[in-house]
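Grab your viewer and work through these exercises with the model open. Each task comes with a solution in steps.

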Amino acid sequence: METITVKDLSFKPFISEEELDVAIKKVAQKINEDYKGKTPIFLGVLNGSFMFMGDLMKSINLDCYTSFVKMASYEGTESTGKINELIGLNEDIEGKDIILVEDIVDTGNTLVKLFDILKEKNPKSIKIATLLYKPEAYNKDHKIDYVGKEIPNAFVLGYGLDYDGLGRNLSSIYVLKD
Ligand code: IMP
């Protein structure tokens, strides 16, 4: 693996496919233990989680539902300000165990918004699984239940994560070169 260029930026190899595999299987194993006998709903947060979700689900041995949601954000009226809307949730999650599947938790803003929207629908529980977590950037109190890998506060690319829409298709993770 070598340096790659996406638009105006250069990236170097950071997390290999093998390392991702180990991290993802570790998360799956923990979830399999914690949810034994339950039928959770895995909700992947698009776009970034599609690769993680795909690989994670292959190692989940529970009866479970699998679905995807997306956060849409648009300008509301002057009094409402920015509106965050959850799109794609077709199932009734009342009384259900939800596992939110994220590509990366950075500041935690997205996660908290999602959490608040889902909580209003009265699920039995909501837990968070993220492939990557930047503890130095995270400024919320919410517990992150399942973390594939903690990373420093740097910009990463690949395996679902993009730079300006590009790079999601890379099978391993790259980091911005300084
Ligand atoms: P947060 O709301 O700050 O936690 O950021 C969450 C979203 O920002 C993620 O779901 C990603 O889409 C994006 N993001 C955060 N850090 C990175 C990164 O290093 N590379 C690519 N996208 C990122």
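**Exercise 1. Place methionine 53 and check how far it sits from phenylalanine 68.**

Step 1: methionine 53 belongs to helix H2. Helices (H or I, at least four residues) and strands (E, at least two) are DSSP runs, numbered from the N terminus.

Step 2: with 1% relative accessibility, methionine 53 is buried. The cut-offs are under 20% relative accessible area for buried, over 50% for exposed and partly exposed in between (1.4 Å probe, protein chains only).

Step 3: 15 residues along the chain separate methionine 53 from phenylalanine 68, and their C-alpha atoms are 9.3 Å apart.

Before you go on, a word on the input: this is a predicted model, where local features need pLDDT of at least 70, side-chain atom pairs count only at pLDDT 80 or more, and totals for chains, interfaces and linings use all residues. Residues are numbered from 1 along each chain as its sequence is written, and side-chain values use heavy atoms, with hydrogens and water left out.

**Exercise 2. Work out the C-alpha separations for serine 59 and glutamate 2.**

Step 1: look for serine 59 in the loop between H2 and strand E4 (65-75). Its relative accessibility is 24%, so serine 59 counts as partly exposed.

Step 2: go 23 residues along the chain from serine 59 to lysine 82, and the C-alpha atoms turn out to be 38 Å apart.

Step 3: now jump to glutamate 2, in the segment before strand E1 (4-6). Glutamate 2 is exposed because its relative accessible area is 62%.

Step 4: glutamate 2 and lysine 12 are 10 residues apart along the chain, with 6.4 Å between their C-alpha atoms.

**Exercise 3. Track down the backbone oddities.**

Step 1: scan omega. The peptide bond joining leucine 46 and asparagine 47 is cis, with omega about 0 degrees. Asparagine 47 is in the loop between strand E3 (41-46) and helix H2 (50-58).

Step 2: scan phi. Asparagine 122 isn't a glycine, yet it has a positive phi of about 55 degrees. You'll find asparagine 122 in the loop between helix H3 (109-119) and strand E7 (125-133).

Step 3: keep scanning. Tyrosine 159, also not a glycine, has a positive phi of about 50 degrees, and tyrosine 159 is in the loop between strand E9 (156-157) and strand E10 (173-176).

Step 4: which is buried and which is partly exposed, asparagine 122 or tyrosine 159? Asparagine 122 is partly exposed because its relative accessibility is 48%, while tyrosine 159 is buried because its value is 4%.

**Exercise 4. Map the ligand's surroundings.**

Step 1: list the neighbours. The ligand is surrounded by 15 residues, and the closest are Thr107, Gly108, Thr110, Lys134 and Val156. A residue counts as near if one of its heavy atoms lies within 4 Å of the molecule.

Step 2: pick out polar contacts, meaning pairs of N or O atoms within 3.5 Å. A polar side-chain atom of threonine 107 is 2.4 Å from a ligand oxygen atom. For glycine 108, a polar backbone atom is 2.8 Å from an oxygen atom of the ligand. Lysine 134 puts a polar side-chain atom 2.9 Å from an oxygen atom of the ligand.

Step 3: check the cover. Of the 490 Å² of accessible area the ligand has on its own, the protein covers 80%. These areas come from the Shrake-Rupley method with a 1.4 Å probe.

Step 4: sort the shell by element. Strand E6 (97-105) and H3 each give two or more residues to the shell around the ligand, and E6 gives the most, with 4 residues.

Step 5: zoom in on threonine 110, in helix H3. Threonine 110 is partly exposed because its relative accessible area is 41%. Threonine 110 and leucine 46 are 64 residues apart in sequence, and their C-alpha atoms are 12 Å apart in space.

**Exercise 5. Compare with the record.**

Step 1: UniProt lists residues 23-163 as "domain: Phosphoribosyltransferase", in an unreviewed entry. Its positions are given in the numbering used here, feature names are shortened, and annotations may be inferred rather than shown by experiment.

Step 2: the span 23-163 is 23% helix and 34% strand, and its end C-alpha atoms lie 23 Å apart.

Conventions
A polar contact is a pair of N or O atoms within 3.5 Å; within protein, one must be able to donate a hydrogen and the other to accept it, and residues adjacent in sequence count only if both atoms are side-chain atoms.
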